[in-house]
Amino acid sequence: MAEHPPLLPPGADAESRRSAVYVIMSQIPAGKVVSYGELAAMAGLGRAARFVGRLMSQLPDGTRLPWHRVIGAGGRLSLPAGTAAGHEQRMRLRAEGITIINDRVDIRRHGWHSAEHSG
């Protein structure tokens, strides 16, 4: 399958980078997940997983973006289970039919567009 065309020109400013991430994040369908790194690549940011993680930590309260569908590499849930955000993420994912085992999601089963990026 073809990869997504980059949304951004090289050297795009921070606001353009943030907007590109939000556009892709808004398109993740219910019942699917994507890693921070995959989200960065889809947004045209290359391997900027940490940038995506920082953006996620700065989302305003009550955001309608599906932040809970963005997870760590290999299907790992990166928000700790004992935290309010971690609990909310797990509840939302399970409500969408996503199975969580040992704080991991099966990327082959629930991953979004991962086949396009796995070469």
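Here are some short exercises on the structure above, each with a worked solution.

Before you start, note that this is a predicted model, where local features need pLDDT of at least 70, side-chain atom pairs count only at pLDDT 80 or more, and totals for chains, interfaces and linings use all residues. Residues are numbered from 1 along each chain as its sequence is written, and side-chain values use heavy atoms, with hydrogens and water left out.

**Exercise 1. The overall layout**

Work out how many helices and strands the protein chain has, and in what pattern they come.

*Step 1.* Get the terms straight: helices (H or I, at least four residues) and strands (E, at least two) are DSSP runs, numbered from the N terminus.

*Step 2.* Count them up: the protein chain has six helices and four strands.

*Step 3.* Walk along the sequence and you get α-β-α-α-β-α-β-β-α-α.

*Step 4.* Now check burial, where buried means under 20% relative accessible area, exposed over 50%, and partly exposed in between (1.4 Å probe, protein chains only). Of the chain's 119 residues, 39% are buried.

*Step 5.* Finally, look at contacts, meaning heavy atoms within 4.5 Å. Among the chain's contacts with a separation of 6 or more, 61% link residues 24 or more positions apart.

**Exercise 2. Two salt bridges inside helices**

For the pairs Glu-15 with Arg-18 and Arg-92 with Glu-88, find where the partners sit in their helix.

*Step 1.* Start with the idea: side chains of opposite charge can pair when their charged atoms come close. The cut-off here is a side-chain nitrogen of Lys or Arg within 4 Å of a carboxyl oxygen of Asp or Glu. A search of the whole structure turns up four salt bridges.

*Step 2.* Take Glu-15 and Arg-18, whose side chains form a salt bridge at 2.6 Å, N to O. Both are in helix H1 (residues 14-26), and because they are three residues apart, about one helical turn separates them.

*Step 3.* Check their surroundings: Glu-15 is partly exposed at 44% relative accessible area, and Arg-18 is partly exposed at 26%.

*Step 4.* Do it again for Arg-92 and Glu-88, whose closest N and O atoms are 2.8 Å apart in their salt bridge. This pair is four residues apart in helix H4, so about one helical turn lies between them. Arg-92 is partly exposed at 30%, and Glu-88 is partly exposed at 32%.

**Exercise 3. A salt bridge between two parts of the chain**

Which parts of the chain does the pair Asp-103 and Arg-90 tie together?

*Step 1.* Find the bridge: the side chains of Asp-103 and Arg-90 meet at 3.1 Å, N to O.

*Step 2.* Place each partner. Asp-103 is in the loop between strand E3 (100-101) and strand E4 (104-105), while Arg-90 is in helix H4, so the pair ties together parts that are 13 residues apart in sequence.

*Step 3.* Compare burial: Asp-103 is partly exposed at 34%, whereas Arg-90 is buried at 6%.

*Step 4.* List the company they keep, leaving out residues up to four places away in sequence. Asp-103 touches Gly-75, Arg-76, Leu-77, Ala-81 and Arg-90. Arg-90 is in contact with Leu-77, Leu-79, Pro-80, Ala-81, Ile-100 and Asp-103.

*Step 5.* Try one backbone distance too: the C-alpha atoms of Asp-103 and Ser-78 are 8.4 Å apart, with their positions 25 residues apart along the chain.

**Exercise 4. His-110**

Is His-110 buried or exposed, and which residues does His-110 touch?

*Step 1.* Locate His-110 in helix H5 (residues 107-110).

*Step 2.* Read off the accessibility: His-110 has 6%, so His-110 counts as buried.

*Step 3.* Look for partners beyond four places in sequence: His-110 touches Gly-31, Lys-32, Val-33, Gly-97, Ile-98, Thr-99 and Val-105.

**Exercise 5. What lines the largest pocket**

Which helix gives the most residues to the lining of the largest pocket?

*Step 1.* Count the lining: 17 residues, with Met-56, Leu-59, Trp-67, Leu-79 and Ala-85 nearest the centre of the pocket.

*Step 2.* Find the contributing helices. H3 (49-57) and H4 (84-95) each supply at least two residues, and H4 gives the most, with five.

*Step 3.* Sort by class: the lining has nine nonpolar, five polar and three charged residues. Ala, Val, Leu, Ile, Met, Phe, Trp, Tyr, Cys and Pro count as nonpolar, Asp, Glu, Lys and Arg as charged, and the others, Gly among them, as polar.

*Step 4.* For the term itself, a pocket is an open set of points on a 1 Å grid over the protein atoms alone, where a 1.4 Å probe fits, with protein on both sides within 12 Å along at least five of seven lines; lining residues have an atom within 4 Å of a point.
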